[in-house]
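Here's a quick tour in questions and answers for anyone meeting this structure for the first time. Have a look at it, then read on.

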Amino acid sequence: MLENLKKHIAKKLPFLQEQKLLIAISGGLDSVVMAHLFHTLDYDIAFAHCNFQLRDAESDGDELFVKNLAKALQVECHTKKFDTEHYANEQKESIQMAARSLRYEWFQEIAAEFQYDYILTAHHMDDALETFLINLSRGTGIDGLTGIPEKNGNIVRPLLPFTQSELKTYAENTSLQWREDSSNASTKYVRNKIRHAIVPLLKELHPTFMENFQATQKHLQDSKMIVTASVEKLRANVMKETEDGNLSIDIKKLQESLHPKAYLFELLHSYGFTAWNDVANLLAGQSGKQLFSSTYRLIKDRENLLLQPLRTDEEFVEIEITEATKYITNPIKLQLEEISNITTTGNTVLYVDKKLLKFPLIVRKWKNGDYFYPFGMKGKKKLSKYFKDEKYSLIDKENQWLLCNEGQIVWVIGKRSDNRYKLTQPTNTIIKFTLQ
């Protein structure tokens with residue numbers, strides 16, 4: 001196996017040579033074998049061990065084992081204890097997801113602090129098969145079937161071409177010792193059920209099942225490259241960035257493709273959408289209909305689908321402008337100044353007779369029932385009707401700010417002023433509002 005790993009690194013992972021490597025080591029069979037292999041190959045390595053404190057004395061025993069192994073091999077060892085259960089409850093995540101988040105975040109901190117070039121994890125072919133089956137059981141696209149990536153940024157998985165059986169044979173032949181994780185025997189986790197109940201049956205089906213699986217994944221990865229190239233070509237044609245930094249998908253152009261639903265899946269799956277029937281139905285849905293993933297929302301807006309990140313910060317409900325205010329920078333950039341003569345004009349500038357204003361003024365979002373008297377028109381108009389006539393999208397409406405005086409709308413900021421506040425006679429004191 002040592003020679004096979006050398007050949008694999010030379011062919012696929014030559015960038016690992018002459019680099020500082022941080023080995024993620026639990027003390028179990030897989031990571032101990034990886035540590036021994038890279039130490040034997042005389043790489044510049046160090047260990048990083050996470051004690052998740054989930055198995056009491058057993059977890060502490062794993063940490064001590066790793067420290068002793070590092071001492072025996074004369075390599076640096078980083079260890080850290082985590083209150084994993086508390087973190088999982090706080091983040092409302094499963095224990096497995098919480099441990100994963102804590103592990104990788106800490107690995108990156110260590111790599112940055114001590115200048116390790118790459119972080120190695122001991123995922124192997126059996127892990128890739130388990131991940132394949134988990135994703136298949138949940139429903140997935142080609143990405144979920146192409147396996148664990150061999151390289152993802154500075155995370156590298158050099159053992160993916162090898163089976164766990166090969167790792168165990170190597171460990172036994174070199175008289176390695178390792179720790180057994182008692183939780184791996186439990187079938188309460190989906191991965192363990194697949195590992196203990198399903199994978200052995202699949203291996204019984206054909207003596208070369210693992211080799212066939214590896215070849216299939218290679219074919220899928222090759223197919224993915226073709227799909228990716230096709231999707232990127234379509235993306236450039238149908239997906240554009242809007243003025244406010246969101247993304248817009250042209251429905252008509254998308255539907256002109258041979259397989260619009262398949263392309264829509266590829267365009268959107270990285271944004272967390274999984275309810276694909278609902279997403280596809282949105283193409284013919286009513287304008288204003290929207291769907292949500294955990295991080296984004298997708299809105300049907302006439303001839304487009306608008307993609308917008310979910311806001312995580314509390315938005316400004318309103319902000320006060322006092323008579324002494326010269327600038328505001330949040331939620332929008334607005335400059336105020338007293339002048340005696342009108343200079344520039346346009347949608348980004350408003351002039352109001354100071355006598356008509358009673359401070360503090362309010363900048364806020366629109367509400368149902370809001371109305372104003374649009375400049376240049378007779379009578380009042382509901383803001384909702386104004387938005388409709390101006391063909392505002394749902395996002396446009398949500399992003400529109402209003403300047404208000406004693407409850408009255410003075411300015412639909414950057415768009416239209418109110419007739420009641422127009423300059424009608426000479427005045428010595430004009431307030432100039434400039435949207436920047």
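Q: Which residue's side chain meets Arg179 in a salt bridge?
A: This is a predicted model, and a salt bridge here needs a Lys or Arg side-chain nitrogen within 4 Å of a carboxyl oxygen of Asp or Glu. For Arg179, the N to O distance is 2.7 Å, and the side chain on the other end belongs to Asp62.

Q: How many residues apart in sequence are the parts that Arg179 and Asp62 tie together?
A: Arg179 lies in the loop between α8 and α9 (190-205). Asp62, its salt-bridge partner, is in helix α3 (residues 57-73). So the pair ties together parts whose separation in sequence is 117 residues.

Q: How many salt bridges does the count come to?
A: The pair of Arg179 and Asp62 meets in a salt bridge. Under the cut-off of 4 Å, the count comes to 23.

Q: In what order do the strands of the six-stranded open sheet run?
A: This sheet is open and its pairing is mixed. Its edge strands are β3 (76-81) and β5 (151-152), and each of them pairs on one side only. Reading across from β3, the order is β3-β2-β1-β4-β6-β5.

Q: Which residue in β2 does Leu21 stand opposite?
A: Strand β1 (residues 20-24) and strand β2 (residues 44-51) run parallel, joined by five bridges. Across from Leu21, the residue in β2 is Ile45.

Q: Which strands of the six-stranded sheet does α2 touch?
A: Helix α2 packs on this sheet, and its direction makes about 160° with that of β1. β1 is one of the strands it touches, and the full set is β1, β2 and β4 (118-120).

Q: What angle does the direction of α3 make with that of β2?
A: Helix α3 also packs on the sheet, where it touches β2 and β3. Taking its direction against that of β2, the angle is about 170°.

Q: Is α2 parallel or oblique to α8?
A: The axes of helix α2 (residues 29-40) and helix α8 (residues 164-173) come within 10 Å and cross at roughly 60°. The crossing is left-handed. Angles under 35 degrees would count as roughly parallel, so with its roughly 60° crossing α2 is oblique.

Q: How many residues in the contact of α2 with α8 are nonpolar?
A: On the α2 side, the contact has Leu29, Asp30, Val33, His36, Leu37 and Thr40. They meet Gln164, Leu167, Lys168, Tyr170 and Ala171 in α8. Set aside the three polar and two charged residues, and the nonpolar ones number six.

Q: Is α6 roughly parallel or roughly perpendicular to α10?
A: Helix α6 (residues 125-138) and helix α10 (residues 209-238) have axes 11 Å apart, packed at an angle of about 65°. Their crossing is left-handed. An angle from 65 to 115 degrees falls into one class, which makes α6, relative to α10, roughly perpendicular.

Q: How many residues in the contact of α6 with α10 are charged?
A: Met125, Asp126, Ala128, Leu129 and Phe132 of α6 meet Phe209, Met210, Phe213, Gln214, Gln217 and Leu220 of α10. Eight of these contact residues are nonpolar and two are polar, while the number of charged ones is one.

Q: Which are the edge strands of the four-stranded sheet?
A: This open sheet is antiparallel, with its strands in the order β13-β14-β22-β15. An edge strand pairs on one side only, and that fits β13 (327-328) and β15 (349-353).

Q: How many residues lie between β13 and β14 in their hairpin?
A: β13 and strand β14 (residues 334-339) pair in the antiparallel sense over two bridges. Ile328 has Leu334 in β14 as its bridge partner. The two strands form a hairpin, and the residues between them number five.

Q: Which residue in β22 is the bridge partner of Tyr351?
A: Strand β22 (residues 430-435) pairs with β14 over six bridges, with Ile431 as the bridge partner of Glu338. Five bridges join β15 to β22, and these two run antiparallel. For Tyr351, the bridge partner in β22 is Lys432.

Q: Where does Pro360 lie?
A: The peptide bond from Phe359 to Pro360 is cis, with omega near 5°. As for its place in the chain, Pro360 lies in the loop between β15 and β16 (361-365).

Methods
Residues numbered from 1 in each chain as written. Predicted model: local features only at pLDDT ≥ 70, side-chain atom pairs only at ≥ 80, totals over all residues. Heavy atoms only, no water. Axes fitted to C-alpha atoms, helices over the stretch in contact; angles between N-to-C directions. Parallel < 35°, antiparallel > 145°, perpendicular 65-115°, else oblique. Left-handed = near helix turned anticlockwise from the far one by under 90°. Contact = heavy atoms within 4.5 Å. Nonpolar A, V, L, I, M, F, W, Y, C, P; charged D, E, K, R; others polar. Pairing = 2+ DSSP bridges.
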